[in-house]
Amino acid sequence: MESKSSTTGNRDNPNRNLHGSKTMMASHFLRALFRIQQTSTSSSSAGRSRRIRRAAYASMAYSAGTRRAWSRALLRKLRSRARLRFPRRLSRAATPQRRDMDQAQVLRKLVPGGPSMDDCKLLEETADYIRFLTTQVRLMQTVMDSISS
Amino acid sequence: MSGRSSAITDEEINELVSKLQSLLPESRRRRSAGRASASKLLKETCSYIKSLHREVEDLSDRLSDLMATMDSNSPQAEIIRSLLRP
């Protein structure tokens, strides 16, 4: 994650740094994992998996804070306790794949808050979202390696 | 789409596109970074994000299975506790 100063002058930006975000993400996620482990001894593995998945997106969103449209959108979804859903594949029946399909529209469905972004903002937000996603994935892999060793 | 019309230069778009391209792992990059392949780049980006979402889901499943074998006194729980300590 690069902490480039934003040309739009986000108020929160100067105090955020790479190390800070990663640390916040890790501590939030680990705390959530610990809570889940304590409170789900009788629940199903699928239920626990859903909670872990939710915790993953929550720690991403909380560590990014409100300075990004994608994280604000994610936080809204999490707080409304709506199911976290991301489209997995285009339903081929509904939309036959055209050669010039608008990939920007597809991307808007994948990035939280996408539908309300113009093309330029979409690219910025996508780049930031990818950085946080890859960090979260690496974090989860690290936790897995630690637990299973 | 928002009605905001931003005076974005081609330069800025290209900058964002190449920034995005640099975030994709090597195996997904295509040779040319010209404007003509912007659509391909977006397609790769969508595909990459989908695979990341799947990874989060897969890792959640595996973590859940691992945690089933843990109890609060197990060494694994201790690892998590120690990772939480400052």
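Biologist: What mean pLDDT does chain A average, and what share of the residues score at least 70?

Modeller: This is a predicted model, and pLDDT is the predictor's confidence in each residue. Chain A averages a pLDDT of 81, with 77% of the residues scoring at least 70. For chain B, the mean is 75, and 69% of its residues reach 70 or more.

Biologist: Where in chain A is confidence lowest, and where is it highest, among the elements?

Modeller: Helix 1 of chain A (residues 18-39) has the lowest mean, 86, whereas helix 3 of chain A has the highest, 95. Outside these helices, residues 2-16 of chain A stay under 50, and the model has 16 contacts beyond four places in sequence for that stretch.

Biologist: Which elements of chain B have the lowest and the highest mean pLDDT?

Modeller: The lowest mean in chain B, 71, belongs to helix 3 (residues 75-84), and the highest, 91, to helix 2 (residues 38-68). Over residues 1-6 of chain B pLDDT stays under 50; the model has 10 contacts beyond four places in sequence for them.

Biologist: What ipTM and pTM does the predictor give the complex?

Modeller: The complex receives an ipTM of 0.81 and a pTM of 0.76 from the predictor.

Biologist: How do the axes of helix 5 of chain A and helix 1 of chain B cross?

Modeller: A crossing is read from the angle between the axes, and angles under 35 degrees count as roughly parallel. The axes of helix 5 of chain A (residues 119-148) and helix 1 of chain B (residues 10-23) come within 10 Å and cross at roughly 20°. Helix 5 of chain A is therefore roughly parallel to helix 1 of chain B. The crossing of this pair is left-handed.

Biologist: Which residues meet there?

Modeller: Among those in helix 5 of chain A are A:L123, A:A127 and A:I130, and helix 1 of chain B contributes residues including B:L16, B:L20 and B:L23. By class, this contact has eight nonpolar, one polar and three charged residues.

Biologist: Within chain A, at what angle do the axes of helix 2 and helix 3 cross?

Modeller: Helix 2 (residues 45-64) and helix 3 (residues 69-79) of chain A have axes that come within 9 Å and cross at roughly 135°. Helix 2 of chain A is therefore oblique to helix 3 of chain A. Their crossing is left-handed. The residues of this contact divide into 10 nonpolar, one polar and three charged.

Biologist: How many aromatic pairs does the structure hold?

Modeller: A pair of aromatic rings is described by the distance of the centres and the angle of the planes. The structure holds three such pairs over all chains. Ring pairs link A:W70, A:Y129 and A:F132 into a cluster. A:W70 also belongs to the residues of helix 3 of chain A that meet helix 2 of chain A.

Terms used
Residues numbered from 1 in each chain as written. Chains lettered and ligands numbered in written order. Predicted model: local features only at pLDDT ≥ 70, side-chain atom pairs only at ≥ 80, totals over all residues. Heavy atoms only, no water. Axes fitted to C-alpha atoms, helices over the stretch in contact; angles between N-to-C directions. Helix = DSSP H or I, 4+ residues; strand = E, 2+ residues; numbered from the N terminus. Parallel < 35°, antiparallel > 145°, perpendicular 65-115°, else oblique. Left-handed = near helix turned anticlockwise from the far one by under 90°. Contact = heavy atoms within 4.5 Å. Nonpolar A, V, L, I, M, F, W, Y, C, P; charged D, E, K, R; others polar. Phe/Tyr/Trp six-rings, centres within 6.5 Å; stacked < 30°, edge-to-face > 60°. pLDDT = per-residue confidence, 0-100.
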